[in-house]
Amino acid sequence: MRRYKIAAFIMIIHGVFMEIGGMFCFIPVMILGNDKFDIGQYFSFKLPYFQDNLNMMIVMGAIYGAVRTVGAIGLLRNRMWGFILSIINCIITMVLMMFLLPAGIIDGILACSALVLMLTQYFGDKILPKDIE
């Protein structure tokens with residue numbers, strides 16, 4: 001159970017500080033306008049579509065951070081839905097982390113470490129059957 005709690009705290013840190021914290025970058029854009037405050041100088045997506053729609057990506061990141069935090073709270077309360085939601089979040093983050101650099105590196109470190117902790121706690125010392133070829 002200790003690994004689940006560590007993984008949940010990693011995901012809370014990831015969700016609250018990185019994803020929801022990124023939403024606070026959207027506040028100056030709304031106040032000052034897109035023409036006076038270029039948020040693209042702080043975030044760089046590798047795909048032009050994401051870069052062109054950066055304001056919407058920030059909002060989606062906040063939603064994603066909230067879902068990650070809800071999954072982590074479910075995991076802290078030993079709920080299976082929290083475990084599954086957290087696994088899904090970590091896998092999606094591993095797929096998407098390469099599109100946002102350099103923040104994607106931190107996303108990958110946090111998501112992958114939480115995923116490893118959850119899977120090693122869930123499967124423990126189980127070994128593969130010997131008849132697998």
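## Report on a predicted single-chain model

At 44% relative accessibility, phenylalanine 123 counts as partly exposed, because it falls between the 20% limit for buried and the 50% limit for exposed residues. The structure described here is a predicted model. Phenylalanine 123 belongs to helix H6, and it is also one of the residues of a nonpolar surface patch of about 870 Å².

**Overall architecture**

The chain holds 6 helices and 2 strands. Read from the N terminus, these elements follow the order α-α-β-α-α-α-β-α. Of the 133 residues in the chain, 32% are buried. The chain exposes about 8600 Å², and carbon and sulfur atoms supply 72% of that area. Among contacts with a separation of 6 or more, 69% join residues that lie 24 or more positions apart.

**The nonpolar patch**

The patch is formed by Met80, Ile84, Ile88, Ile91, Ile92, Val95, Leu96, Leu119, Tyr122 and Phe123. Two elements, helix H5 (80–96) and helix H6 (103–123), each give two or more residues to the patch. Helix H5 makes the greatest contribution, with 7 residues.

**Helix H5**

Helix H5 has 17 residues, which at 1.5 Å a residue should span 24 Å; the end C-alpha atoms of H5 are 24 Å apart, so the expected and modelled spans agree. The buried residues of H5 are Gly82, Phe83, Ser86, Ile87, Asn89, Cys90 and Thr93. Viewed down the axis of H5, these buried residues fall within an arc of 165 degrees and therefore line one face of the helix. An α-helix has 3.6 residues a turn, so residues three or four places apart point the same way.

**Two residues compared**

Isoleucine 58 is placed in helix H4 (residues 54–76). The C-alpha atom of isoleucine 58 is separated by 9.8 Å from that of glycine 21, although the two residues are 37 residues apart along the chain. The table sets the accessibility of isoleucine 58 beside that of phenylalanine 123.

| Residue | Relative accessible area | Class |
|---|---|---|
| Isoleucine 58 | 8% | buried |
| Phenylalanine 123 | 44% | partly exposed |

Isoleucine 58 counts as buried because its relative accessible area of 8% is under the 20% limit.

**Summary**

Helix H5 takes part in two of the features described: it gives 7 residues to the nonpolar patch, and its buried residues line one face of the helix. Helix H6 also gives two or more residues to the patch, and phenylalanine 123 lies in this helix.

Definitions and conventions:
Residues are numbered from 1 along each chain as its sequence is written. This is a predicted model: local features need pLDDT of at least 70, side-chain atom pairs count only at pLDDT 80 or more; totals for chains, interfaces and linings use all residues. Side-chain values use heavy atoms; hydrogens and water are left out. Patches are made of residues with over 30% relative accessible area and no salt bridge: like charges are joined within 9 Å, nonpolar side chains (Val, Leu, Ile, Met, Phe, Trp, Tyr) within 5 Å. Accessible areas come from the Shrake-Rupley method with a 1.4 Å probe; for residues, only the protein chains shown count as cover. A salt bridge is a side-chain nitrogen of Lys or Arg within 4 Å of a carboxyl oxygen of Asp or Glu. Helices (H or I, at least four residues) and strands (E, at least two) are DSSP runs, numbered from the N terminus. Buried means under 20% relative accessible area, exposed over 50%, partly exposed in between (1.4 Å probe, protein chains only). Contact means heavy atoms within 4.5 Å. The expected span of a helix is 1.5 Å times one less than its number of residues. The arc is that of the directions from the helix axis to the C-beta atoms.
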